[in-house]
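Before a model is used at the bench, it helps to walk through it slowly. What can be read from the one shown here, and where should one look?

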Amino acid sequence: MAGTHVLEAYNTCPTCGSIDVPYPLSTDDNCGDPRYKVYCNNGILEFLSAAGFSYKILSINPSAYKLIISPPPIQKGTCYSSDFSSEGLKLDENLPFNISTHNTVMLFNCSDHILFSPLNCSSISFCRQFEDNVEEGIGCKNTLCCHYLKDSAMTSHMIRIRAVGCTAYTSMVNMKPGSSFDSWTYGIELQWVPPN
């Protein structure tokens, strides 16, 4: 009996598609913690950015307080991310989520002034392998591209793209240096602060 009471107190949300929705994540007002809102749309669990763009949740690791969302697709035949109109991924700073330090972000179709930033824009940047080997990257071939590891010194609430910067991006989680493109794990890892 004791076990049931714990579950009632936590009030875990129902599974969405094949993904369990662990506490404190909340798909509606009757379960989870409402500050940790995620959305279940036709069996697909989604995370909503501050700009109202939906990102598919690929996996959740409740014991590490982390979830991985799918990077937005780069629109076919172009070098623009599908969330370009909202300037990339922006998290609401009042919510308990931030972007973890395990993401290697690749930026594409960048303007020259990006070269003054501490990014790797060399001919051996990971982004070159993406352009050459991944169908989605074909529209970005021969643009200025760079990659960087998102670290704690950077804003942990956005991956920014814009017309005067870079127009497309993708991200990999826990990128191992020297690993080949076919072993990359695409995603943007978010972490949450557990409720008090």
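What follows is a conversation between a visitor and a guide about this predicted model.

Visitor: How many helices and strands are there in the chain?
Guide: The chain is a predicted model, and its C-alpha atoms fill a box of roughly 60 × 35 × 30 Å along the principal axes. Within it, the count of secondary structure elements comes to two helices and 13 strands.

Visitor: What is the radius of gyration of the chain, and how does it stand to the globule rule?
Guide: For 196 residues the globule rule gives 16 Å, and the value for the chain is close to that, so the chain is as compact as a globular protein of that length. The radius of gyration itself is 18 Å.

Visitor: What share of the residues of the chain counts as buried?
Guide: The chain exposes about 10200 Å², of which carbon and sulfur atoms supply 54%. Among contacts with a separation of 6 or more, residues 24 or more positions apart account for 62%. Of the 196 residues, the share that counts as buried is 43%.

Visitor: How far apart do the centres of the positive and negative side chains lie?
Guide: The two sets hold 12 positive and 18 negative side chains. The distance between their centres is 5 Å.

Visitor: Is Thr167 buried or exposed, and which side chain does it join in a polar contact?
Guide: Thr167 lies in the loop between β11 (158–160) and β12 (168–173), and it counts as buried because its relative accessibility is 3%, where the cut-off is under 20%. Beyond four places in sequence it touches several residues, including Cys79, Tyr80, Phe84 and Phe108. At 2.9 Å, its side chain is joined in a polar contact to that of Asn109.

Visitor: Which backbone nitrogen does the side chain of Ser81 reach?
Guide: Ser81 is found in the loop between β6 (66–69) and β7 (88–90), and with a relative accessibility of 1% it counts as buried. Its contacts outside four places in sequence include Pro72, Pro73, Ile161 and Thr167. The backbone nitrogen that its side chain reaches, at 2.9 Å, belongs to Tyr169.

Visitor: What is the relative accessibility of Ile161, and which residues does it touch?
Guide: Ile161 lies in the loop between β11 and β12, and its C-alpha atom is separated by 26 Å from that of Ile60, 101 residues apart along the chain. Leaving out residues up to four places away in sequence, it touches Ser81, Asp83, Glu87, Leu107 and Thr167, among others. Ile161 counts as buried, because its relative accessibility is 0%.

Visitor: How far apart in space are Met106 and Cys146?
Guide: Met106 has its place in strand β9 (residues 103–108) and is buried, with a relative accessible area of 0%. Its contacts beyond four places in sequence include Phe126, Phe130, Cys146, Tyr169 and Trp184. Although Met106 and Cys146 are 40 residues apart in sequence, their C-alpha to C-alpha distance is 5.7 Å.

Visitor: Is Val134 buried or exposed?
Guide: The place of Val134 is in the loop between α2 (126–133) and β10 (146–149), and apart from its neighbours within four places in sequence it is in contact with Gln129 and Tyr186. Phe181, 47 residues apart from Val134 in sequence, is 8.4 Å apart from it in space, C-alpha to C-alpha. The relative accessible area of Val134 is 18%, and since the cut-off is under 20%, Val134 is buried.

Visitor: Which two residues does a cis peptide bond join?
Guide: Most peptide bonds are trans, so a cis bond deserves a note. The bond in question has an omega of about 10°, and one of its partners, Pro24, has its place in the loop between β2 (19–21) and β3 (39–41). The two residues are Tyr23 and Pro24.

Visitor: What is the phi of Asn42, and what is that of Asn142?
Guide: Most residues other than glycine have a negative phi. Asn42, in the loop between β3 and β4 (44–48), is exposed, with a relative accessible area of 81%, while Asn142, in the loop between α2 and β10, counts as exposed at 74% relative accessibility. Their phi values are positive, about 50° for Asn42 and near 65° for Asn142.

Conventions: Residues are numbered from 1 along each chain as its sequence is written. This is a predicted model: local features need pLDDT of at least 70, side-chain atom pairs count only at pLDDT 80 or more; totals for chains, interfaces and linings use all residues. Side-chain values use heavy atoms; hydrogens and water are left out. Helices (H or I, at least four residues) and strands (E, at least two) are DSSP runs, numbered from the N terminus. Buried means under 20% relative accessible area, exposed over 50%, partly exposed in between (1.4 Å probe, protein chains only). A polar contact is a pair of N or O atoms within 3.5 Å; within protein, one must be able to donate a hydrogen and the other to accept it, and residues adjacent in sequence count only if both atoms are side-chain atoms. Contact means heavy atoms within 4.5 Å. The radius of gyration is taken over C-alpha atoms; the globule rule is 2.2 Å times the number of residues to the power 0.38. Accessible areas come from the Shrake-Rupley method with a 1.4 Å probe; for residues, only the protein chains shown count as cover. Lys and Arg count as positive and Asp and Glu as negative; His and the chain ends are not counted. The place of a charge is taken as NZ of Lys, CZ of Arg, CG of Asp or CD of Glu.
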